[in-house]
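Grab a pencil and work through these exercises with the model open beside you. Try each task before you read its solution.

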Amino acid sequence: MVEKHPKNWNEIKTNDSWALFKIMSEFVYGYERLSEIGPCVSIFGSARTKPGEKYYELAVKVANKIVDKGYGVITGGGPGIMEAGNKGANLGGGTSVGLNIDLPFEQHDNPYIDSNKNLDFDYFFVRKVMFVKYSQGFVVMPGGFGTLDELFEAITLIQTGKIAKFPIILVGTEFWSGLLDWIKSTLAEKLRTVNIEDLDLIDVVDTEDEVVEILEKFYTQYDLSPNF
C-alpha cells in the first residue's frame, strides 16, 4: 500500500496548472451547449423541498407559465425546487435544462430534464457563470445558502455594472420579507453599506402570474440576449 503524503508547494502549483485545462474545457462545453438553446429563465430554490409542499407545487406552476410565454427553464438539475422547475417546463412542452454539479449529498439528476440539455459541471464557479450568462431572468424560490449565493451574486454583478440588468424575482413574501427588511434597516439605513435604490433590482411576488407579468413587462423594453 502506497503511503500518502501532504503535497508540497511545487506539487500544488503543478496541479493548479493542469486544472486550468479542465476549467477551460468546462467553459467551452457550457458556452457551446447553452448558446444553442435560446432565451431561458433560471429557477433557484432548495434541493430539500418535497413534492406536495407549497413551494414545490408553486415552482411547477411558475415554470409551466414561463414556458407558455416562450422561454425555456434552467435549473441546477437536482431534486427539490430544481426538479419542480424542470417538471413544470417538461409538462408544458417547453425547453427544460439542467446544470448539474457533482456533490457528495443531495444532488442527483431529476427525470424532467430534456435528454440533450443535461449538462454536468465539476466547478461551482463555472456553473454559476452559465446561469448568469444565459438567463433572461432569475426566479428565486425559498432555499438555503446555495440559493442565496446565486441571488446575491446576480445582484452584485448588476449593481456594479458587470452584466446587463435582468429581472430578479423572489417568490414567497413570507419567506423573503425578513431578509429584505434587514437589508433595508441594517445595511441601507443604519450602516449605509448598500444604497436603498439597490433594492429596486428585486421584485417580490407570490404567484406564477406575477412572475410572467414582470418578465413580459421587462422585455417589452429590452432585447433578449446573453448578459455579457
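## Exercise 1: An unusual loop residue

Arg192 is found in the loop between α6 and β7 (helices are DSSP runs of H or I with at least four residues, strands are runs of E with at least two, and both are numbered from the N terminus). Before you go on, know that this is a predicted model, where local features need pLDDT of at least 70, side-chain atom pairs count only at pLDDT 80 or more, and totals for chains, interfaces and linings use all residues. Residues are numbered from 1 along each chain as its sequence is written, and side-chain values use heavy atoms, with hydrogens and water left out.

**Task.** Find the phi of Arg192 and decide: is Arg192 buried or exposed?

**Solution.**
- Step 1: Arg192 comes just after α6 and has a positive phi of about 55 degrees. It takes this value although it is not a glycine.
- Step 2: Check the cover. Buried means under 20% relative accessible area, exposed means over 50%, and partly exposed is in between (1.4 Å probe, protein chains only).
- Step 3: Arg192 has a relative accessible area of 70%, so it is exposed.

## Exercise 2: Reading the sheet

**Task.** Work out the order of the strands in the sheet, then say which strands stand at the edges.

**Solution.**
- Step 1: Look for pairs. Two strands pair if DSSP finds at least two bridges between them.
- Step 2: Follow the pairs across, and you get an open sheet of 7 strands in the order β4-β3-β2-β1-β5-β6-β7, with parallel pairing.
- Step 3: β4 (118-121) and β7 each have a single partner strand, so one side of each is left without a neighbour in the sheet.
- Step 4: From one strand to the next, the twist averages 25 degrees. (Axes are lines fitted to C-alpha atoms, for helices over the stretch in contact, and angles run from 0 to 180 degrees between N-to-C directions.)
- Step 5: Zoom in on one parallel pair: β6 and β7 are joined by 4 bridges. Here Ile168 has Ile202 in β7 as its bridge partner.
- Step 6: Now add helices. Helix α3 (residues 81-91) packs on the sheet and touches β1 (40-44), β2 (72-75) and β3 (96-101), its direction making about 165 degrees with that of β2. Contact here means heavy atoms within 4.5 Å.
- Step 7: α5 lies across β1, β5, β6 and β7, and runs at about 150 degrees to β6.

## Exercise 3: A covered strand

**Task.** How many residues of β1 are buried, and which ones sit on each side?

**Solution.**
- Step 1: Count them: 5 of the 5 residues of β1 are buried, so the strand is largely enclosed by the rest of the structure.
- Step 2: Sort them by face. In a regular strand the side chains alternate between the two faces of the sheet.
- Step 3: Cys40, Ser42 and Phe44 are on one side of β1, with Val41 and Ile43 on the other.
- Step 4: Look sideways: β1 and β2 run parallel and are joined by 3 bridges. Ser42 stands opposite Ile74 in β2.

## Exercise 4: Charged pairs

**Task.** Which residue forms a salt bridge with Glu174, and which residues pair with Lys128?

**Solution.**
- Step 1: Set the rule: a salt bridge is a side-chain nitrogen of Lys or Arg within 4 Å of a carboxyl oxygen of Asp or Glu. By this rule the model has 7 salt bridges.
- Step 2: Glu174 pairs with Lys54, their closest N and O atoms being 2.9 Å apart. Glu174 lies in helix α6 and Lys54 in helix α2 (residues 54-68), so this pair ties together parts that are 120 residues apart in sequence. Both Glu174 and Lys54 are exposed.
- Step 3: Lys128 forms a salt bridge with Asp149, at 2.9 Å between the closest N and O atoms. That pair links helix α4 (residues 124-134) to helix α5, 21 residues apart.
- Step 4: Lys128 also meets Glu153 in a salt bridge (2.8 Å, N to O). Lys128 lies in helix α4 and Glu153 in helix α5, so the pair ties together parts that are 25 residues apart in sequence.
- Step 5: Compare the cover. Lys128 counts as buried at 12% relative accessibility, whereas Asp149 is partly exposed at 36% and Glu153 is partly exposed at 25%.
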